[in-house]
Amino acid sequence: MTSIQNEPKGSEYRDPSHIKQNNEIQDDIDKGVVDPKAKTLSGWIQHKQYGLDVRKSLSLFTEWISSKFNAIVSAFENVKDRQDHVEGRQDDVEDQFKDVVANATKDSEVILARDSKFYGKFSVLDDRLENVETYLKGSYKNLMTVDDALMIGKPVKNEDVATLQLMHDNINQTLFNMAMITDVHYGNWANHTGRNNPDTIGHLSNVLFMDDKVDAIVSGGDNCDGLSESFPALLNEQRAYANKMIYSENNHADKFIQIGNHDDGSGRAQQQTNGNYSYRDLLVGENGYQLDVSTNLTKNDFKRIYHTADDLFGETRNEGSNYFFKDYPEKKIRLIGLDSCDVPDIKLDNGLPKYPQIVNMGFQQEQINWLANVALMAVPAGYAVILVSHIPAGDTSESQHNQPLVSQVVKAFMDGKDITASSNEVDFQVNVSTHFSQQGPRDVAAYLYGHLHKEVFDTNQGFNAIGITSSICDPAIGNSDGWDIISVDPVARKVIIKGFGRATDRTYGY
């Protein structure tokens, strides 16, 4: 049988861990780490046998701890008083120094630099410079300064801030809102007289000001001028434009970039074909300069540069195509973007394109079929559709291909009718059947486009065709920037347009 022994009591029992802790404390005492008075009180408590003596010793120990704490607090307050005094003297010295500087520069041109047209007067120049630095760092968030430190392009100009802020604050976010900028014609190595191509990428800063208040921002084509001398220049310009458009803001809004007839650089090939180098002459007055025209940007180049294969904003595309659609259920809107520079990639014997995009625009079979049987299908009742393209709807000029077929499909969608859209044009054959009777009539609020560099409106195709002015500076139409905020009210069945710069305010019913 196992016997159970009683554990020792009182001073006879020592827990090994307690013994170790006591020894460590004793070492600290011996080394003088512990205050001598604390050591005395500790010893007194240790050797008391009666309750009265123990309580008295504990009381003394408490009073001693309190006195130590009060001494520490008093010392801290003395230090704080001295710090406040020093800071006060420092402020006085700084004020005196500013007075000296102000008087020292009195009656000189330096004093003129202290005053700001926008932020008032400053006592010394350093204060105004500090204010400028604070502004550039984005501390004035209420002004929504666009910071271009890491991007090509210029920030919002001071004179435009008030106008942009007013537009921003008046956007009705219960509606679908889209900012559309088109025909920017950026070209870092190209410059039509009076158009300032290298500077126009800065216009993106203006439209990006609306990033947190609109649902989408669309760049409608001719983003770059496409007439720079070399192929690497074309690539660099498109990359700079796309990077600023897609990555320079927080992307509260969806960002979509469309292709215009200038973007691929085929204008250089067209000039080569015509034996016309007037563009280079316009630049620097030299004759006979051989442009690098053998290579233009391809659809695959745009797929990489514009990231269309990545579906960055949840849109639906046709295997990375430049055409897309996206639904905005809360606003009851379907936004459809079309690629109106969809031409066959056919080369002539001399290596130049048979259909240079600079003058050949339109739609091929695959895109029209996608529009009829994907983008315009399964549109919920009560939705309104917005279509965006670079070129006008229904254009029938010689170098415009199959635009009337697109208009036929859109009109059949509105009427809820089945049709077959077909064309026998060489290299642009189309045969597409629609089945809109299955979903019934639907609303088209607007077909928006650029290309013409002016504001246009007509209903010749059976729906609102609305032309947006160009963003590029152009002496013929005004040197200021120009773009629009398009708001759609599905309940009131209205398209409300607010223009920036030379763009005007307009409202259309549908």
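A residue counts as buried when its relative accessible area is under 20%, as exposed when that value is over 50%, and as partly exposed in between. The exercises below apply this and related criteria to a predicted model.

**Exercise 1. Classify Cys-224, Cys-341 and Leu-312 as buried, partly exposed or exposed.**

Solution.
Step 1. Cys-224 has a relative accessible area of 1%, so this residue is buried.
Step 2. Cys-341 also has a value of 1% and is therefore buried.
Step 3. Leu-312 has a relative accessibility of 38% and so counts as partly exposed.
Step 4. For the whole protein chain, 45% of the 510 residues count as buried.
Step 5. A related question is how many disulfides the structure holds. The number is zero.

**Exercise 2. Describe the surroundings of Leu-312.**

Solution.
Step 1. Leu-312 belongs to the loop that joins α10 (299-305) to β6 (316-317).
Step 2. When neighbours within four places in sequence are set aside, the contacts of Leu-312 are with Ile-246, Tyr-247 and His-307.
Step 3. Lys-255 is 57 residues away from Leu-312 along the chain, yet the C-alpha atoms of the two are separated by 8.5 Å.

**Exercise 3. Determine how strands β18 and β19 are arranged.**

Solution.
Step 1. Strand β18 covers residues 494-501, and strand β19 covers residues 506-509.
Step 2. Four residues lie between the two strands, which form a hairpin.
Step 3. Their pairing is antiparallel and extends over four bridges.
Step 4. Opposite residues fix the register: Lys-494 faces Gly-509 in β19, and Ile-496 faces Thr-507 in β19.
Step 5. In a regular strand, side chains alternate between the two faces of the sheet. In β19, Arg-506 and Tyr-508 make up the covered face, while Thr-507 and Gly-509 make up the uncovered one.

**Exercise 4. Place the hairpin in its sheet, and explain which strands stand at the edges.**

Solution.
Step 1. The sheet is open, has six strands and shows mixed pairing; its order is β5-β4-β3-β17-β18-β19.
Step 2. β5 (254-257) and β19 each have a single partner strand and stand at the edges, so one side of each lacks a neighbour in the sheet.
Step 3. With direction ignored, neighbouring strands of this sheet are turned against each other by 20° on average.
Step 4. Helix α5 (residues 158-169) lies across β17 (482-489) and β18, and runs at about 170° to β18.
Step 5. Helix α7 (residues 231-247) also packs on the sheet, where it touches β3 (176-181), β4 (216-219) and β5. The direction of α7 makes about 160° with that of β5.

**Exercise 5. Identify stretches of the model that call for caution, and characterise the chain as a whole.**

Solution.
Step 1. The protein chain has an average pLDDT of 80, and 66% of its residues score at least 70.
Step 2. Over residues 1-21 the pLDDT stays under 50, and the model gives this stretch two contacts beyond four places in sequence.
Step 3. Residues 277-291 likewise have a pLDDT below 50, but this stretch has 26 contacts beyond near neighbours in sequence.
Step 4. Where pLDDT is low, the predicted coordinates should not be read in detail.
Step 5. The protein chain contains twelve helices and 19 strands.
Step 6. Of the contacts between residues at least 6 apart in sequence, 66% join residues at least 24 apart.
Step 7. The protein chain exposes about 26600 Å², of which carbon and sulfur atoms supply 51%.

Notes. Residues are numbered from 1 along each chain as its sequence is written. Side-chain values use heavy atoms; hydrogens and water are left out. Buried means under 20% relative accessible area, exposed over 50%, partly exposed in between (1.4 Å probe, protein chains only). Two strands pair if DSSP finds at least two bridges between them. Axes are lines fitted to C-alpha atoms, for helices over the stretch in contact, and angles run from 0 to 180 degrees between N-to-C directions. Contact means heavy atoms within 4.5 Å. pLDDT is the predictor's confidence in each residue, from 0 to 100. Accessible areas come from the Shrake-Rupley method with a 1.4 Å probe; for residues, only the protein chains shown count as cover. A disulfide is a pair of cysteine sulfur atoms within 2.5 Å.
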